[in-house]
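Good morning, colleagues. I would like to take you through one protein structure, from its overall layout to individual side chains. Please look at the sequence and the model as they appear.

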Amino acid sequence: MLVHPRDLADRMSVAEPPKTFTLPIDAARLKAREILDRFPQAGYMAVVENWRQLPDGRIEFTMRHYPAAD
């Protein structure tokens, strides 16, 4: 199967936009686990794209959903 850059661009364009969360540590852990457990339904996989600990101790993280490989 030949894959062209346009095919990849089309597949990437249907992915959901990333969602950023800012939560206390325990709540952030639970939220990330909830999202990871809920997917890969409907042909998507969830990925924690970035995360950081803020000076007040909360965690900010971004979840992105990518189409699963065929």
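**Confidence and layout**

The protein averages a pLDDT of 82, and 76% of the residues score at least 70. I should stress at the outset that this is a predicted model. Confidence varies among the elements: helix H1, residues 5-13, has the lowest mean pLDDT at 67, while E1 has the highest at 94.

The protein contains 2 helices and 3 strands. Read from the N terminus, the order of the elements is α-β-α-β-β. Of the 70 residues in the protein, 21% are buried. Among contacts with a separation of 6 or more, 55% are accounted for by residues 24 or more positions apart.

**The hairpin of E2 and E3**

Let me turn to the strands. Strand E2, residues 44-53, pairs with E3 in the antiparallel sense, over 9 bridges. The hairpin that E2 and E3 form has 5 residues between the strands, and Gly57 in this hairpin takes a positive phi near 95°.

Which residue lies 6.9 Å from Gly57, C-alpha to C-alpha, although the two are 33 residues apart in sequence? That residue is Pro24. Pro24 has its place in the loop between E1 and H2. With a relative accessibility of 47%, Pro24 counts as partly exposed.

Thr62 is a residue of strand E3. Is Thr62 buried or exposed? Its relative accessibility is 11%, so Thr62 counts as buried. Beyond its neighbours within four places in sequence, Thr62 is in contact with Pro18, Lys19, Thr20, Val47, Val48, Glu49 and Asn50.

**The nonpolar core**

We come next to the interior. The largest nonpolar core has 8 residues in all: Phe21, Ala28, Ala32, Ile35, Ala46, Ile59, Phe61 and Met63. At least two residues of this core come from H2, and at least two from E3.

Met63 deserves a moment of attention. If its neighbours within four places in sequence are left aside, Met63 is in contact with Pro18, Lys19, Phe21, Ala32, Ile35, Leu36, Ala46, Val47 and Val48. Several of these partners, including Phe21, Ala32, Ile35 and Ala46, belong to the core along with Met63.

How many aromatic pairs does a search of the whole structure find? The search finds 1. The pair consists of Phe21 and Phe61, whose ring centres are 5.2 Å apart; their planes meet at 25°, so the pair is stacked. Phe21 lies in strand E1, residues 19-23, and Phe61 in strand E3, residues 59-67, so the pair ties together parts that are 40 residues apart in sequence. Both Phe21 and Phe61 are buried.

**Salt bridges**

Finally, I wish to consider the charged side chains. Side chains of opposite charge can pair when their charged atoms come close. The count for this structure comes to 6 salt bridges, and I shall present some of them.

One of them joins Asp37 to Arg33, with the closest N and O atoms 3.3 Å apart. How are the two residues placed along the chain? Asp37 and Arg33 are 4 residues apart in helix H2, residues 25-38, and are therefore separated by about one helical turn. Asp37 is exposed, at a relative accessible area of 56%, whereas Arg33 is partly exposed, at 47%.

Another salt bridge links Glu60 with Arg52, and here the closest N and O atoms are 2.9 Å apart. This brings us back to the hairpin, where Glu60 in E3 is the bridge partner of Arg52. Glu60 is partly exposed, with a relative accessible area of 24%. Arg52 also counts as partly exposed, at 46% relative accessibility.

A further salt bridge brings together the side chains of Arg58 and Asp56, at 2.8 Å from N to O. Arg58 is partly exposed, with 33% relative accessibility, and Asp56 is exposed, with a relative accessible area of 51%.

**Closing**

To summarise, E2 and E3 pair in the antiparallel sense, and H2 and E3 each supply at least two residues of the largest nonpolar core. The stacked pair of Phe21 and Phe61 connects strand E1 with strand E3. Thank you for your attention.

Notes: Residues numbered from 1 in each chain as written. Predicted model: local features only at pLDDT ≥ 70, side-chain atom pairs only at ≥ 80, totals over all residues. Heavy atoms only, no water. Salt bridge = Lys/Arg side-chain N within 4 Å of Asp/Glu carboxyl O. Buried < 20%, exposed > 50% of the residue type's maximum accessible area, 1.4 Å probe, protein only. Phe/Tyr/Trp six-rings, centres within 6.5 Å; stacked < 30°, edge-to-face > 60°. Pairing = 2+ DSSP bridges. Core = buried A, V, L, I, M, F, W, Y, C linked by side-chain atoms within 4.5 Å. Contact = heavy atoms within 4.5 Å. pLDDT = per-residue confidence, 0-100.
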